[in-house]
Amino acid sequence: MPQSSQTSDAISLGASIPVRVPPAGRGSGLPASGPLADRWGRVATDLRISLMDKCNLRCVYCMPAEGLNWLPTASLLTADEIFRLVDVGVRDLGIEEVRFTGGEPLVRADLPHIIRQIRSAYPHLPIALTTNGIGLDKKVDALLKAGLNRVNVSLDTICPETFAQLTRRDKLASVLAGIDAAAQAGLSPIKINAVLMRGINDAQGHQLLAWALEGGYQLRFIEQMPLDADRSWTREGTITAHEIRDSLAAHYDMVPHGRPRGASPAQLWEVFPLGSTGQLPELWPQALGQVGIIASVTEPFCSACTRTRITADGKVRSCLFSLTETDLMGALRGGASDRELANIWRGAMWTKPRAHGKDQAGFEAPDFTQPDRSMSAIGG
Ligand code: SAM
Ligand code: SF4
């Protein structure tokens, strides 16, 4: 993996592993203290930590059929290391919420322990999980007891055959059982993340929405991004937010939700029965619910991004599309102090690209380059 370009000073801390500390206070503009700011005026407060690059599905927009070369266990952040980074993030860098992702975070047997450790230090910190839902039915009680607040489950279709085609595994029943168990256990709201793929499930969005409305789940469609391991993404192949809105509008009345989007990537729509909102609003029936559309490709929200990511092997990624990473794991294992860890992290975020891994045009740039790591290895 490439090293971050802003890590210019190498020092040695304790053991033999060199720790690279960014050049704070030497005219770079990088603040020597404070939160995770960047050169474009954004501040990252939302931490995504990937717990594991492995996964038990092989979604076509994410993983190749044969899987990837998994990280060796010794290269994964341990529970104690994760706690240390969260502690530095919350105490010194203004992190306000933590989300665990992967790969598949439920594959980590120590997930309840990881959550419990953080919860006992930070009783009010929102802790969330993004999961494919497999096995959630057996684990949700322990996760809740440990202190988990929220869950997002990824589900692209409720048709078993389409599910098997998209994920290359016949596991729909297990995902549905996981979602049901999470609802029974009282996790709320449960958000469902869905990606529509042309020619596979793009005609099924309204069925998924009907199912989500019925179950009281908050469905969000995400435009497919060029982060697939197969590198077969094309802009023309992407089912756009516009297409998603149009296809849902053939089955429901869709009214833009009044609340400003803010840092939330999802544009929200109120969903009403078809043909019910032609009259004065006073005469409309109650909304059936809401649906979100995350237009990462066609209507990007990079200028409002508040995310900072740490990969399962302890690298800071300032952006999903960043072509550089900054090693925190080496510093951690090399004996860095909390202050040094905070400085390295701050330095990594300071050079966060303006949009889609670039300072100039994002996806539109002629030299747009897909990062080496695919979504499952970054942590979506
Ligand atoms: N395995 C877990 C899951 O599927 O929820 C967590 C990791 S997964 C990488 C996180 C999210 O990234 C999922 O909601 C998935 O749909 C989304 N994702 C993966 N590849 C994507 C892509 N190329 N474009 C858009 N979203 C993608
Ligand atoms: Fe696994 Fe999630 Fe990627 Fe699907 S999207 S292959 S469930 S990491």
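**An open sheet and its aromatic pairs**

In this predicted model, 12 strands (DSSP E runs of at least two residues, numbered from the N terminus) form an open sheet with mixed pairing, in the order 11-12-13-10-9-8-7-6-5-14-15-16. At its edges lie strand 11 (252-256) and strand 16 (326-327), each pairing on one side only; two strands pair if DSSP finds at least two bridges between them. Local features need pLDDT of at least 70 and side-chain atom pairs 80 or more, while totals for chains, interfaces and linings use all residues. Residues are numbered from 1 along each chain as its sequence is written, chains are lettered from A and ligands numbered from 1 in the order written, and side-chain values use heavy atoms, without hydrogens and water.

At one edge, strand 15 (residues 315-317) pairs with strand 16 in the antiparallel sense over two bridges. Here Lys315 stands opposite Asp327 in strand 16.

Two aromatic pairs are counted, where rings of Phe, Tyr and Trp (its six-membered ring) pair if their centres lie within 6.5 Å; planes under 30 degrees apart are stacked, over 60 edge-to-face and the rest tilted. The rings of Trp211 and Tyr217 have centres 5.0 Å apart and planes at 40°, so this pair is tilted. Both Trp211 and Tyr217 are buried (under 20% relative accessible area, with exposed over 50% and partly exposed in between; 1.4 Å probe, protein chains only). Phe272 and Trp284 form an edge-to-face pair, 5.3 Å centre to centre with 70° between the planes. This pair links Phe272 in strand 12 to Trp284 in the loop between strand 12 and strand 13, 12 residues apart. Phe272 is buried at 7% relative accessible area, whereas Trp284 is partly exposed at 25%.

Conventions:
Helix = DSSP H or I, 4+ residues; strand = E, 2+ residues; numbered from the N terminus.
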